[in-house]
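Please read the following points alongside the model; they concern its salt bridges and the surroundings of the residues that form them.

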Amino acid sequence: VETAVDSVVDDVTTIQTGLVAEIRLVLPVDKVNIIPVIGKADMLTKHELLRLKKKILGEIRENGIHIYQGGETDEEENQELKACMPFGVVSSNQVLEVGGKKVRGRLYPWGVVEVENPKHSEFPQLRNILMRTHMQDMKEVTVGIHYENYRSSRLAKTGRPFGDVPSSPVSSEQDAVASKLVEKEQELERMRVMMDMMRQQMQKQGGGGANV
């Protein structure tokens, strides 16, 4: 489990009422990767979902909110990410039987909405991006960009030189491990020197006894 926050998946359905300001109050904007998500997407028709996505992206651009756009991964995977943004997802804690198979979904009078069916919900694409294709990139962006920007702004406010704080949680941990290894090596070297001195003394004592 990483100590740094890698991403924030935010349900932005309320943006359709123009409440983007609330997102700025709730989210640590520019400190983490933001992936917008539309919850309860099964309550919308395909046309309504597409229209809401366009509205959300427009509001995000107008308010200068930077969302995760993919990184140095496969271009096709980045295109999939951008095409689905914001992700229209459906969730459920019910397990239903459909066509002889057990699936997680929502039961309606007209049928079943399956959580992991790409035709019903973009949850599979979201999970794939978070857990497989873009996980490492989001970790690197969190440590290399978001944490560094936050660290620099904090140091600028306090007036402290940038060298006073470790560059990142990862490098700080690595430095601590390296320091411990150096200490262990120095301790082993001291023990080797002491053993050599004791061996020499024993040899001298043994030699003196033989001469007597």
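1. A salt bridge is taken here as a side-chain nitrogen of Lys or Arg within 4 Å of a carboxyl oxygen of Asp or Glu. On that criterion, a search of the whole structure finds five salt bridges, and three of these pairs are described below.

2. The model is predicted, so local features need pLDDT of at least 70 and side-chain atom pairs count only at pLDDT 80 or more, while totals for chains, interfaces and linings use all residues. Residues are numbered from 1 along each chain as its sequence is written, and side-chain values use heavy atoms, with hydrogens and water left out.

3. Lys 53 and Glu 122 form a salt bridge at 2.9 Å, N to O. Because Lys 53 lies in helix H2 (residues 46-62) and Glu 122 in the loop between strand S6 (111-114) and helix H4 (123-133), the pair ties together parts that are 69 residues apart in sequence; helices (H or I, at least four residues) and strands (E, at least two) are DSSP runs, numbered from the N terminus. Lys 53 is buried at 7% relative accessible area, and Glu 122 is likewise buried, at 15%, where buried means under 20%, exposed over 50% and partly exposed in between (1.4 Å probe, protein chains only).

4. Within helix H2, Lys 55 and Glu 59 are four residues apart, about one turn of the helix, and their side chains meet in a salt bridge at 3.6 Å, N to O. Lys 55 is partly exposed at 38%, whereas Glu 59 is buried at 14%.

5. A salt bridge of 3.4 Å, N to O, joins Arg 127 and Glu 116. This pair links Arg 127 in helix H4 with Glu 116 in the loop between S6 and H4, eleven residues apart. Arg 127 is partly exposed at 35%, and Glu 116 is partly exposed at 45%.
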